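Student: Can you walk me through this model? I'd like cysteines, then a helix, then the packing.

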Amino acid sequence: MNAGSAGSGDGPSRTFRVALAISTCCYVLAVACGMYAVSGGLPAFLQVCLWGVHGVVLALLLRRLGPTETALLAVAASAAAGYVAGLAREDLTLRQRGERVAVTVVAERLDPAEGRKGRHSHYTLERAEDGGTVPGGMETTSDLYDVGRRLTVLVGPEGEIRPRTPGQADPVAELAGAAGLMLVAVAGVGWVAWRGRRREGGGASPPGAAGAAEHPRGGGAGGPAA
């Protein structure tokens, strides 16, 4: 009677834990996709606030599942995935909506030296067809081009994005990194749920342990008289 009651009592708890874990994973994926879709038009401060709210909500959900120390990994990985995916936004925009233009490098400027920090190169570009200046200029992490070099670049719509060569406007690495971080976040949710379930299962006394403690073997004080 008691064993059956205990077994039926464990069922809903396990079902609730599995449902909460699946719902939390879906929430993590939905937030990352939603933030990627809307963050392009939001100020940086507002984006930080939204990610902070997301972290708090995710931490509260994971707290229901298991140990909170592991939950920090899922929160950090989720936020990092959204940030890395945002880096690929400009590359995707140039790929999809950018104009392919032949240009000439007419000027180059290096960042001032600051200790061991790398010096980025900034290039002023002119259209080869009509001599018009390309808005924004191009930036690279190293000195790649000399003045007078002819290039083909992708120019963003309305000059909102710096021009880049087709090779530079490659979002594959960022998208792969974001996908990997999302897998880490989802795996972190599963790990928290598994640890919480294991901790609950390990905390209960095995069947018969209480009876063995109350009726020890041998001729103790409570044992039968010889």
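Student: How many disulfides does the structure hold?

Tutor: Zero, taking a disulfide as two cysteine sulfur atoms within 2.5 Å. Cysteine 25 is in none; its nearest cysteine sulfur belongs to cysteine 26, 6.9 Å away. Bear in mind that this is a predicted model: local features need pLDDT of at least 70, side-chain atom pairs count only at pLDDT 80 or more, and totals for chains, interfaces and linings use all residues. Residues are numbered from 1 along each chain as its sequence is written, and side-chain values use heavy atoms, without hydrogens and water.

Student: Is cysteine 25 buried or exposed?

Tutor: Buried, at 16% relative accessibility. Buried means under 20% relative accessible area, exposed over 50%, partly exposed in between (1.4 Å probe, protein chains only). Cysteine 26 is partly exposed, at 47%.

Student: Switching to α2. Which of its residues are buried?

Tutor: Trp51, His54, Gly55, Leu58 and Leu62. Helices here are DSSP runs of H or I, at least four residues, numbered from the N terminus.

Student: Why do they line one face?

Tutor: Down the axis of α2 they fall within an arc of 105 degrees, so they line one face of the helix. The arc uses directions from the helix axis to the C-beta atoms. On the other side, Phe45, Val53, Leu60 and Arg63 are exposed.

Student: And the largest nonpolar core: which residues touch the most other members?

Tutor: Val28, Leu58, Leu62, Leu65, Met182 and Val189, out of 17 residues. Such a core joins buried Ala, Val, Leu, Ile, Met, Phe, Trp, Tyr and Cys through side-chain atoms within 4.5 Å. α1, α2, α3 and α4 each give two or more residues to this core.
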